[in-house]
Protein chains: 2
Amino acid sequence: MKERTVTIYDISEKAGVSIATVSRVLNNSSNVSDNTRKKVMAAIKETGYTPNAFARGLGLNTMKTIGILTADSSDLYLAKAIYYFEEELRANGYDSLLCCTGYELKDKKAAIDLLISKKVDGIIFVGSHFVYPDAADNKYIINASEKVPVMLLNAEVEGDNIYCVSSDDHDSVYRATRKLVESGFKDILYVYNSTSYSARRKESGFRDAMKDAGVDISNTQLRYFNGSNEDVHGMSAMLEDVEASGFKFNAVVASDDTLALSAVKYAQSKGYNIPDDFSVIGYNNSMLTACCDPEITSIDNKVETLCKHLTSILMGVLSGEEMPRKTVFKGEIVEKGTTSLKKD
Amino acid sequence: MKERTVTIYDISEKAGVSIATVSRVLNNSSNVSDNTRKKVMAAIKETGYTPNAFARGLGLNTMKTIGILTADSSDLYLAKAIYYFEEELRANGYDSLLCCTGYELKDKKAAIDLLISKKVDGIIFVGSHFVYPDAADNKYIINASEKVPVMLLNAEVEGDNIYCVSSDDHDSVYRATRKLVESGFKDILYVYNSTSYSARRKESGFRDAMKDAGVDISNTQLRYFNGSNEDVHGMSAMLEDVEASGFKFNAVVASDDTLALSAVKYAQSKGYNIPDDFSVIGYNNSMLTACCDPEITSIDNKVETLCKHLTSILMGVLSGEEMPRKTVFKGEIVEKGTTSLKKD
DNA sequence: ATGTTTACTGAAAGCGGTTACAAAGCTGAT
DNA sequence: ATCAGCTTTGTAACCGCTTTCAGTAAACAT
């Protein structure tokens with residue numbers, strides 16, 4: 001280990017050809033005779049040479065790498081998205097430079113600078129934590145889009161070089177909530193654990209649904225859980241607190257399956273009969289929905305579809321095609337055991 | 001978008017200095033007067049210049065990037081590990097190039113070549129799927145280690161430039177199993193969903209424990225679940241099948257919390273009283289353990305500790321220090337509601 | 001005024017590739 | 001034999017940055 005690394009010059013010397021020829025073989029470009037090709041190949045095999053991607057990148061000004069930005073790669077949903085992106089990108093000959101930024105704006109900015117300096121060919125913002133309510137705060141995304149195509153999963157920002165693929169969160173929660181009301185559950189608690197763009201969309205879906213269903217809501221019945229999304233205990237405690245504070249609810253709509261799961265545990269500890277006396281609807285339709293009994297009715301926002309579609313749009317952009325700036329998919333309410341919703 | 005990118009020459013021209021000076025400012029090296037520094041800074045700010053990391057990397061022959069290899073980044077445990085690695089590496093000024101290889105050997109090899117051509121400063125193999133029972137199959141890891149330091153999480157391979165950090169899986173399962181037997185549960189079903197290195201260690205921990213406890217075991221009581229680790233239903237079906245095949249068990253030791261969770265669901269559906277008549281021990285102590293009632297006793301293998309330690313070893317190696325080739329941490333049996341183990 | 005330091009700054013080489021352009025080697029047609 | 005036209009190969013410029021080495025200017029000592 002640690003001998004001087006083999007370069008294209010070593011290969012050219014060993015094979016008795018010029019570096020240009022070696023380069024041609026490497027990029028299996030046309031116009032190399034079988035004979036020389038073989039000699040070069042042999043030299044490469046013999047030395048275990050691997051081309052230096054920097055040097056190549058310097059010349060070509062592309063490294064075939066896409067930056068993937070996420071707040072927290074260990075989140076169940078985001079991890080799935082990252083997985084699909086990585087898979088799709090690789091299939092298209094691109095690599096993934098992963099940056100977990102956390103939730104601080106300045107860290108996000110730093111991560112973007114870094115990705116740009118590494119000359120990524122595009123940046124995918126995974127998850128809606130990157131988009132702020134105040135448009136001015138989203139300037140940093142626009143800035144990034146001036147250097148490189150920007151893809152947003154589950155978020156929306158207007159821009160020349162920005163492409164958004166998202167699930168219609170507002171619509172999904174809206175439909176779920178209305179169905180719940182129509183099925184006789186009016187005392188609904190809405191719980192959420194994020195204030196991201198899509199979280200805000202979900203919340204407004206809930207509010208609009210309640211309004212259109214003619215049910216007045218109070219602020220006590222929307223509850224923000226400000227803790228780790230693995231903290232099932234903390235979530236249950238929050239539900240206890242809501243009850244203690246005087247709001248008696250018989251249904252929970254959650255922005256996330258974790259919260260839904262803690263709602264199921266809460267309801268069961270209170271002796272409620274699910275789904276007859278108590279309903280729960282989660283979000284993401286993750287494996288967590290299968291982790292309790294009854295299993296949780298949840299909204300499937302089709303993360304695989306979203307990711308594949310987003311990647312294909314990015315590939316189109318990179319090859320210079322005109323691509324849609326905004327693509328929205330409908331979510332699906334997957335009914336399992338925690339609801340008995342009125343059929344349409 | 002798409003104007004010619006700003007280079008160090010543009011800055012030097014704008015600031016009226018040479019590119020060397022700009023470079024010095026960029027690397028805040030010594031010997032630049034405040035005055036020129038200010039001029040350069042201003043030019044940088046004005047143009048929004050970001051240095052080209054290729055060019056820098058070409059010269060320095062390092063890109064401050066670590067390759068992270070994993071079979072499946074969406075796995076709960078692996079995703080956590082990746083998260084910690086990314087965090088620690090970033091804190092040390094390194095980036096993470098993520099490659100999800102899947103489970104095919106040739107894909108793993110291809111991924112490694114790619115990482116090496118991108119001149120990563122090191123490679124972290126996340127998870128034990130990379131190590132095969134037959135040493136000859138692990139040659140590809142040795143090969144990689146000839147070019148770049150190789151770090152193995154939860155696996156072991158001998159080699160000059162290979163560093164292993166792992167949890168003592170054998171010991172953890174051994175202790176858990178023995179405790180279970182000592183607590184009166186002898187008809188234990190061992191279920192696993194992987195044949196990776198650490199999975200094999202866990203299994204031998206179970207076998208040794210049973211042997212040392214003087215309990216004969218049959219092959220029917222070790223069951224491999226060959227399906228997605230999100231398929232809770234499939235797992236439950238497998239348990240039904242074990243029962244149907246004639247082995248009556250009153251305890252389950254699982255190589256993974258998912259399997260443990262399905263065991264809890266199974267036991268509850270059969271009307272068993274947990275933990276008095278039926279015990280379950282999981283592995284990883286993930287959030288899944290809190291997703292059922294009673295919560296699952298599980299082995300915590302301290303992934304955060306492992307990852308941080310591994311990263312610090314890698315940093316040591318990269319700065320030329322002598323570092324331990326093999327570090328093993330003990331796991332911890334975290335007792336919750338699915339067991340009532342005899343106290344020591 | 002002159003010699004010596006010290007503090008900055010610039011010119012140029014080099015990192016390892018790609019590629020435009022030129023040159024050389026063959027082929028077959030004249 | 002000569003030449004056009006093709007294929008194959010080599011030369012050298014260039015990508016954007018770091019860094020060595022040399023040079024200039026200012027500051028200080030004599």
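**Exercise 1. Find how chain B is related to chain A in this predicted model.**

Step 1. Superpose the copies: chain B can be laid on chain A with an RMSD of 0.2 Å.

Step 2. Read off the operation, which is a turn of 180° with a shift of 0.1 Å along the axis. The two copies are therefore related as by a two-fold rotation axis.

Step 3. Compare the interface residues. Of those in chain B, 100% are also interface residues in chain A, so the copies meet through the same surface.

**Exercise 2. Describe the salt bridge between K14(A) and E46(A), and place both residues in the chain.**

Step 1. Check the distance. A salt bridge requires a side-chain nitrogen of Lys or Arg within 4 Å of a carboxyl oxygen of Asp or Glu. For the side chains of K14(A) and E46(A), the N to O distance is 3.9 Å, and they meet in a salt bridge.

Step 2. Locate the partners. K14(A) belongs to helix α1 (residues 8-15) of chain A and E46(A) to helix α3 (residues 34-47) of chain A; with their positions 32 residues apart, the pair links distant parts of the chain.

Step 3. Assign the exposure classes. Exposed means over 50% relative accessible area, and buried means under 20%. K14(A), at 47%, is partly exposed, whereas E46(A), at 58%, is exposed.

**Exercise 3. Examine the pair E46(B) and K14(B) in chain B.**

Step 1. The side chains of E46(B) and K14(B) form a salt bridge, with 3.9 Å from N to O.

Step 2. E46(B) sits in helix α3 (residues 34-47) of chain B and K14(B) in helix α1 (residues 8-15) of chain B, so the salt bridge ties together parts that are 32 residues apart in sequence.

Step 3. E46(B) has a relative accessible area of 60% and is exposed. K14(B) is partly exposed at 47%.

**Exercise 4. Characterise the salt bridge of E203(A) with R207(A).**

Step 1. The closest N and O atoms of E203(A) and R207(A) are 3.0 Å apart.

Step 2. Both residues lie in helix α9 (residues 197-212) of chain A, where their separation of 4 residues is about one turn of the helix.

Step 3. E203(A) is buried, since its relative accessible area is 17%. R207(A) has 31% and is partly exposed.

**Exercise 5. State the number of salt bridges over all chains, and name the members of a network in chain A.**

Step 1. Over all chains, the structure holds 38 salt bridges.

Step 2. A network of salt bridges links D168(A), D171(A), R175(A) and K330(A).

Methods. Residues numbered from 1 in each chain as written. Chains lettered and ligands numbered in written order. Predicted model: local features only at pLDDT ≥ 70, side-chain atom pairs only at ≥ 80, totals over all residues. Heavy atoms only, no water. Least-squares fit on C-alpha atoms with pLDDT ≥ 70 in both. Contact = heavy atoms within 4.5 Å. Helix = DSSP H or I, 4+ residues; strand = E, 2+ residues; numbered from the N terminus. Buried < 20%, exposed > 50% of the residue type's maximum accessible area, 1.4 Å probe, protein only.
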